[in-house]
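Open the model in your viewer and keep the selection tool handy. We will go from one stop to the next, with a note on what to find at each.

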Amino acid sequence: MRRTHPVRIGDLLSDFTASPGVSRKLAEARLPEAWRKVTGPVVSRVTTGMELCRGVFCVHLVSGAVRNEIFMQREALRCALNREVGMEVVRVLIIK
């Protein structure tokens with residue numbers, strides 16, 4: 001199919017990333033950086049692993065004291081993470 005009028009690359013990329021499957025995957029890819037931004041440098045240092053599977057976001061922490069604090073704030077963190085990535089990606093936040 002040949003285009004009769006030129007199209008800007010930015011318009012093509014925005015159309016591509018607006019599709020539901022691609023935008024969700026991009027939001028999931030932004031989740032580790034959103035975790036660092038939302039929780040701050042102290043929690044980021046003690047975070048050893050993160051994994052997302054079917055809306056369940058598991059975060060592994062080394063420090064028991066930090067783990068307890070994060071556990072108490074997990075619902076607020078879940079909302080902040082979803083707000084940071086721009087869509088409802090995390091349904092459940094599990095702290096290990």
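## First stop: a strand residue

Select Ile94, which is partly exposed because its relative accessible area is 30%, between the 20% and 50% cut-offs. Bear in mind as you look that this is a predicted model. Ile94 sits in strand β3. Now show what lies around the residue: leaving out residues up to four places away in sequence, Ile94 touches Val56, Phe57, Cys58 and Val59. For a distance to try in the viewer, pick the C-alpha atoms of Ile94 and Thr47: they are 13 Å apart in space, with the two positions 47 residues apart in sequence.

## Second stop: the loop between β1 and β2

Next, select Arg54, in the loop between β1 (47–53) and β2. Check the backbone here: Arg54 is not a glycine, yet its phi is positive, at about 55 degrees. Is Arg54 buried or exposed? Arg54 has a relative accessible area of 74%, so it counts as exposed.

## Third stop: helix α5

Move on to Arg67 in helix α5. With a relative accessible area of 29%, Arg67 is partly exposed. Setting aside neighbours within four places in sequence, its contacts are Leu61, Val62, Ile95 and Lys96. Then zoom out and add Pro6 to the selection: Arg67 and Pro6 are 61 residues apart along the chain, and their C-alpha atoms are separated by 54 Å.

## Fourth stop: helix α6

Select residues 74–85, which form helix α6. How far apart should the ends of its 12 residues be? At 1.5 Å a residue the expected span is 16 Å, and the end C-alpha atoms are indeed 16 Å apart, so the two agree.

Colour the buried residues of α6 next: Leu77, Arg78, Ala80, Leu81, Asn82 and Val85. To see what covers them, show α2 (20–29), α3 (31–39), β2 (56–61), α5 (64–72) and β3 (92–95), which are among the covering elements.

For a contrast, pick Arg83, also in α6. Arg83 has 62% relative accessibility and therefore counts as exposed. The C-alpha atoms of Arg83 and Val7 are 32 Å from each other, and the two residues are 76 positions apart along the chain. Just after the helix comes Gly86, with a positive phi near 95 degrees.

## Fifth stop: where α3 meets α6

Two packed helices are described by the angle between their axes and the distance between the axes. Keep α6 on screen and add α3: the two axes come within 9 Å and cross at roughly 125 degrees. That angle makes α3 oblique to α6. The crossing is right-handed.

Now show side chains on both sides. From α3, select Leu31, Ala34, Trp35, Lys37, Val38 and Thr39; they meet Leu77, Ala80, Leu81, Glu84 and Val85 of α6. Sorted by class, this contact has 8 nonpolar, 1 polar and 2 charged residues.

## Last stop: helix α2

Finish with Ala29, which lies in helix α2. Where does this alanine stand on accessibility, buried or exposed? Its relative accessible area is 58%, so Ala29 is exposed. One more distance to try is the one from Ala29 to Val7: 28 Å in space, C-alpha to C-alpha, for a separation of 22 residues in sequence.

Methods
Residues numbered from 1 in each chain as written. Predicted model: local features only at pLDDT ≥ 70, side-chain atom pairs only at ≥ 80, totals over all residues. Heavy atoms only, no water. Helix = DSSP H or I, 4+ residues; strand = E, 2+ residues; numbered from the N terminus. Expected span 1.5 Å × (residues − 1). Buried < 20%, exposed > 50% of the residue type's maximum accessible area, 1.4 Å probe, protein only. Contact = heavy atoms within 4.5 Å. Axes fitted to C-alpha atoms, helices over the stretch in contact; angles between N-to-C directions. Parallel < 35°, antiparallel > 145°, perpendicular 65-115°, else oblique. Left-handed = near helix turned anticlockwise from the far one by under 90°. Nonpolar A, V, L, I, M, F, W, Y, C, P; charged D, E, K, R; others polar.
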